[in-house]
Amino acid sequence: MNINDFIVQVALPEHRVFAEEICEEMAESAKARGTGIAKRSPEYVAGKISDGKSVIAFHKDGTWAGFCYIETWSHGQFVANSGLIVSPKFRKAGLANAIKHKIFELSRQKYPKAKIFGLTTGLAVMKINSDLGYEPVTYSELTQDEDFWKGCQSCVNFEILKMKERKNCMCTAMLYDPVEQKHDVAKKFAEELHKKPKLYERFMRIKQSLVLKPKPENKGGLKSLFLMFTVLFK
Ligand SMILES: CC(C)(COP(=O)(O)OP(=O)(O)OC[C@H]1O[C@@H](n2cnc3c(N)ncnc32)[C@H](O)[C@@H]1OP(=O)(O)O)[C@@H](O)C(=O)NCCC(=O)NCCS
């Protein structure tokens, strides 16, 4: 199985029939990982498909294989590529990478001035985002739109987010800024993640201990941590 076995495209209205299967897989995968997730309904996912704001992937035999959609916040100043899911039988073939690249391209076409961001606990997504030019940032650099943060209420870590007054949580925030983007920093981080996956585990362990510290940490703490790793693990 390789990436040439799949078709990755902007979803069309007739693909709404897959909304239920997509939501079921999102919920199942979140349960299996024991991590949090912002819950989506089939109606919501179908709406994204109708609006031309999603990317869907199929195996060439027609089986649904993956999905991701665009959300906008702060009146279009911020875009998030959310709900990334790859069907378990098609994982590790480069499909998430292809879907994320396609949805990134669609986001840049539709919202060329928007900052694109994501919150994730996963190494796969951190790698892909770094390749695309996202950089780790503090939560204060993300949208402050209340509706975005309401999505975290259904996450198992929501109490931590509340306790940290929305300044931090278990997810790593990553941002692509079309104006101020410094590809060199993101690229360096991407290279390090590819060369030394253990780096990520250390990064997450230290980040999580920072998150769970009783005192509010230094605002620039995560950024410094990330920069420290890019230097130490060359
Ligand atoms: C995370 C997920 C989308 C990855 O899909 P995928 O198609 O298997 O990913 P890819 O094959 O494109 O892999 C992308 C990179 O991540 C790595 N990767 C993939 N799954 C990984 C995992 N579970 N742990 C660590 N690295 C992983 C790959 O090795 C690859 O790195 P490389 O470029 O250095 O080879 C998929 O496992 C999934 O749907 N999980 C459940 C939902 C989820 O976690 N969504 C993300 C929410 S933020």
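**Exercise 1. In which helix does Asn-129 lie, and what surrounds its side chain?**

Solution. The model is a predicted one, and the first step is to place the residue: Asn-129 lies in helix H4. The second step is to ask how much of Asn-129 is open to solvent; its relative accessible area is 1%, and because buried means under 20%, Asn-129 is classed as buried. The third step is to list its partners beyond the neighbours within four places in sequence, and these are Lys-100, Tyr-134 and Met-174. With Lys-100 there is also a polar contact between the two side chains, at 2.9 Å.

**Exercise 2. Describe how the protein surrounds the ligand, beginning with the residues and ending with the secondary structure elements.**

Solution. Begin with the shell itself, which holds 19 residues, the closest being Arg-33, Val-86, Lys-92, Gly-94 and His-194. Sorted by class, this shell has 10 nonpolar, five polar and four charged residues.

Next, look at individual atom pairs that involve oxygen atoms of the ligand. A backbone N or O atom of Lys-92 is found 2.6 Å from a ligand oxygen, while the side chain of Lys-127 places an N or O atom 3.1 Å from an oxygen of the ligand. For Arg-91, a polar side-chain atom stands 3.4 Å from a ligand oxygen. The ligand taken alone would expose 910 Å², and 70% of that area is buried by the protein.

Finally, assign the shell to elements: two or more residues come from each of helix H1 (19-33), strand E4 (78-86), helix H3 (95-110) and helix H4 (123-132). Of the contributors, H4 gives the most, with five residues.

**Exercise 3. Decide how many disulfides the model contains, and examine the surroundings of Cys-152 and Cys-155.**

Solution. The test to apply is whether two cysteine sulfur atoms lie within 2.5 Å of each other. By that test the count is zero disulfides. For Cys-152, the nearest cysteine sulfur belongs to Cys-155 and is 6.5 Å away, so by the 2.5 Å cut-off Cys-152 is in no disulfide. For Cys-155, the nearest cysteine sulfur is that of Cys-169, at 6.2 Å, and Cys-155 is likewise in no disulfide. As to solvent, Cys-152 has a relative accessibility of 18% and therefore counts as buried.

**Exercise 4. Which signs do the phi angles of Ser-74 and Arg-166 have, and where do these two residues lie?**

Solution. The background to keep in mind is that most residues other than glycine have a negative phi. Against this, Ser-74 has a positive phi, near 50°, and Arg-166 has a positive phi as well, near 65°. The next step is to locate them: Ser-74 sits in the loop between strand E3 (64-73) and E4, and Arg-166 sits in the loop between helix H6 (158-163) and strand E7 (172-176). The last step is to consider accessibility, where Ser-74, with a relative accessible area of 14%, is buried, whereas Arg-166, at 23%, counts as partly exposed.

**Exercise 5. Are Gly-83 and Asp-5 buried or exposed, and which residues does each of them touch?**

Solution. Take Gly-83, whose place is in strand E4. Its relative accessible area is 9%, so Gly-83 is buried. Leaving out residues up to four places away in sequence, Gly-83 touches Met-26, Arg-40, Phe-67, Cys-68 and Tyr-69. Cys-23 is 60 residues from Gly-83 along the chain, and the C-alpha atoms of the two are 9.1 Å apart.

Turn then to Asp-5, which is found in the segment before strand E1 (6-10). Its relative accessibility is 16%, and Asp-5 therefore counts as buried. With residues up to four places away in sequence again left out, Asp-5 touches Phe-58, His-59 and Lys-60.

**Exercise 6. Summarise the chain as a whole: how many helices and strands are there, what share of the residues is buried, and what share of the contacts joins residues at least 24 apart?**

Solution. The secondary structure consists of nine helices and seven strands. The chain has 234 residues, of which 47% are buried. If contacts are restricted to residues at least 6 apart in sequence, 72% of them join residues at least 24 apart. The accessible surface of the chain is about 12,100 Å², and carbon and sulfur atoms account for 55% of this surface.

Key: Residues numbered from 1 in each chain as written. Predicted model: local features only at pLDDT ≥ 70, side-chain atom pairs only at ≥ 80, totals over all residues. Heavy atoms only, no water. Buried < 20%, exposed > 50% of the residue type's maximum accessible area, 1.4 Å probe, protein only. Helix = DSSP H or I, 4+ residues; strand = E, 2+ residues; numbered from the N terminus. Contact = heavy atoms within 4.5 Å. Areas by Shrake-Rupley, 256 points an atom, 1.4 Å probe, with all protein chains shown as cover. Near = heavy atom within 4 Å. Polar contact = N/O pair within 3.5 Å; in protein donor to acceptor, adjacent residues only side chain to side chain. Nonpolar A, V, L, I, M, F, W, Y, C, P; charged D, E, K, R; others polar.
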